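Work through the exercises below with the model open beside you. Try each task before reading its solution.

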Amino acid sequence: MVPRLLLRAWPRGPAVGPGAPSRPLSAGSGPGQYLQRSIVPTMHYQDSLPRLPIPKLEDTIRRYLSAQKPLLNDGQFRKTEQFCKSFENGIGKELHEQLVALDKQNKHTSYISGPWFDMYLSARDSVVLNFNPFMAFNPDPKSEYNDQLTRATNMTVSAIRFLKTLRAGLLEPEVFHLNPAKSDTITFKRLIRFVPSSLSWYGAYLVNAYPLDMSQYFRLFNSTRLPKPSRDELFTDDKARHLLVLRKGNFYIFDVLDQDGNIVSPSEIQAHLKYILSDSSPAPEFPLAYLTSENRDIWAELRQKLMSSGNEESLRKVDSAVFCLCLDDFPIKDLVHLSHNMLHGDGTNRWFDKSFNLIIAKDGSTAVHFEHSWGDGVAVLRFFNEVFKDSTQTPAVTPQSQPATTDSTVTVQKLNFELTDALKTGITAAKEKFDATMKTLTIDCVQFQRGGKEFLKKQKLSPDAVAQLAFQMAFLRQYGQTVATYESCSTAAFKHGRTETIRPASVYTKRCSEAFVREPSRHSAGRKPSHWPRYTASQGFDRHLFALRHLAAAKGIILPELYLDPAYGQINHNVLSTSTLSSPAVNLGGFAPVVSDGFGVGYAVHDNWIGCNVSSYPGRNAREFLQCVEKALEDMFDALEGKSIKS
């Protein structure tokens, strides 16, 4: 398994992307067609985004050694220091100079995008658990709108409104506002829209606003990861107008955009979804969807057999659909059931290769499950937030709305697949593998109700730092050691930015954790926990070292000793893989561990509580880890409130 990180492919044709022209509004651009009408074009800042800087090699080595310090004993650390010195003064220096030269020749992108893209699409592991995460929506605030048909209709219409708004260039550019009173105003927007795109970023920078890269957004829709031998491909067909719907493992399609590019009336969409929900067809004996959970080389071979068995047109319709809507026939029992269902389900009712699956359970519980190779959380979360806001504030239908009187038997097409004995055998094998793997995954979650952002900020502490320190303390309490820890950090403020790694396990967190866990009686009440210096997006070391290694492999250079050092393997064996997101639309999110003996930790620090969703495989215990996380948070809150820490 590889770390679950962010990746995207860059458009080269007339798609939404850097420098792409805004599409003209269609004749039917009336109410209900668009989410918003930004006066600043969606891609206005793209051309002038700053480029992702390549760190100095000496800085990367210094940061790498600093991150290794808490993980190694003195003897191991001295060996790693020697490897680093040799690398910095020898082959590493040559590779760094070549990387810088290559970067200067490719100013349209970032130095990491190619290598990172290769890493994702060349990975042969199943995308399920190894890569694809999920984010679950909060329920609609109006409870009657959580009816499955009502919510499915409203979510679908809002998603297509997002698509149209994006493609028309009317979606507000993604901007991080440090001083919204100056930059997030109609006055500023009216001014900045007249600044040439090649200079617009600098105009935003002057008022402390930081536009983010949006080049991956075009892959949200009509996109699928196609399995190919050795290396997969991303496919996008933005001319397709149909939605893919899965129910009980059956495939249905119908158009959600008409020939003029207008959204089909919500009452018609509602009628078609009602027809699908009432279809009494049994689940197929050999559910095709299992194949998308297979090893990528096995799936590539089976897909070729599917194509040669007369299924080419049906597969094309699956691949080109605007997105995949999954209608589940059961309600969600609790948060753990929600996590399992949205992360993997039973394998029959998802097309794991689609850019995203919008999953809606019988009780209206909804989530986005997304394939990770095409893009990252920045694009998905923006889509997620906009769809939640639009579907709850300006819903296309109400619980009282009547579906259109249309003949869905004509409009809705059920896709049928011809399966040979070899394909049936392949599906059976994929199912057995899927079922066996899912049985090994444990998920548990906790909500710490004693406080959150508001309290911690009053203590002048970073809420994220406190959460990360809790994970360090928890692992130390449970297993008696400090291990490699990964926290994802977006670099979307740069052109074609991806992620950098924050390394929360430091000498500072190790000392602090040991003080709390091993010497609580000596830890004075009221003493604030110390924490590590926060890395900024451009100050990590992981991507730089990864790019140098990729370059060495591409040039046929023998792998430098630094990468053969067991310490390098250990720091990249991320036992604690963590990721956070915060949004009023998000109920919870989650993902599987990235290594077999690890934890997948999804968390969010809210105003007055802290949520944590943890996954593990056999050999680790998610429930015990969460109990230790709760204990760590209790200890820190006790210390901050001047109370004695209980041992």
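**Exercise 1. The hairpin**

Which residue takes a positive phi in the hairpin of β6 and β7? Keep in mind that the model is predicted.

Solution.
- Step 1: Find the strands. β6 covers residues 242-247 and β7 covers residues 250-255; they pair in the antiparallel sense over six bridges.
- Step 2: Check the register. H242 in β6 has D255 in β7 as its bridge partner.
- Step 3: Look at the turn. Two residues lie between the strands, and K248 takes the positive phi, near 55°. K248 is not a glycine.
- Step 4: Classify its exposure. K248 has 34% relative accessibility, so it counts as partly exposed. The cut-offs for that class are 20% and 50%.

**Exercise 2. The faces of β6**

Are the faces of β6 covered or open? Identify the second strand partner too.

Solution.
- Step 1: Recall the rule. Side chains in a regular strand alternate between the two faces of the sheet.
- Step 2: Sort the residues. H242, L244 and L246 lie on one side, while L243, V245 and R247 lie on the other.
- Step 3: Read the burial. Both faces are covered, with all of these residues buried. That makes six of six for the strand.
- Step 4: Add the other partner. β6 pairs with β8 (residues 324-327) in the parallel sense, over four bridges. L244 has C324 in β8 as its bridge partner.

**Exercise 3. A second positive phi**

Where does N222 lie, between which strands? Then decide on its exposure.

Solution.
- Step 1: Place the residue. N222 sits in the loop between β3 (209-211) and β4 (223-226).
- Step 2: Take the backbone angle. Its phi is positive, about 55°, although N222 is not a glycine.
- Step 3: Apply the cut-off. Buried means under 20% relative accessible area. N222 has 0%, so it is buried.

**Exercise 4. The six-stranded sheet**

In what order do the strands of the open sheet that includes β12 and β14 run? Find its edges and the helices on it.

Solution.
- Step 1: Write the order. It is β12-β18-β17-β15-β13-β14, with mixed pairing.
- Step 2: Mark the edges. β12 (442-448) and β14 (499-502) each have a single partner strand, so one side of each is left without a neighbour in the sheet.
- Step 3: Gauge the twist. Ignoring direction, neighbouring strands are turned by 25° against each other on average.
- Step 4: Inspect one edge pair. β13 (residues 485-490) and β14 run antiparallel, joined by four bridges. E500 in β14 is the bridge partner of C489.
- Step 5: Add a helix. α18 (residues 542-554) packs on the sheet and touches β13 and β14. Its direction makes about 120° with that of β14.
- Step 6: Add another. α16 lies across β13, β15, β17 and β18, at about 145° to β17.

**Exercise 5. Helix α16**

What span should the 17 residues of α16 have, and how far apart are its end C-alpha atoms?

Solution.
- Step 1: Use 1.5 Å a residue. For residues 463-479 the expected span is 24 Å.
- Step 2: Compare. The end C-alpha atoms are 25 Å apart, which agrees.
- Step 3: Check the surroundings. 15 of the 17 residues are buried, so α16 is largely enclosed by the rest of the structure.
- Step 4: Look past the end. G480 follows, with a positive phi near 75°.

Note on methods. Residues numbered from 1 in each chain as written. Predicted model: local features only at pLDDT ≥ 70, side-chain atom pairs only at ≥ 80, totals over all residues. Heavy atoms only, no water. Buried < 20%, exposed > 50% of the residue type's maximum accessible area, 1.4 Å probe, protein only. Pairing = 2+ DSSP bridges. Expected span 1.5 Å × (residues − 1). Axes fitted to C-alpha atoms, helices over the stretch in contact; angles between N-to-C directions. Contact = heavy atoms within 4.5 Å.
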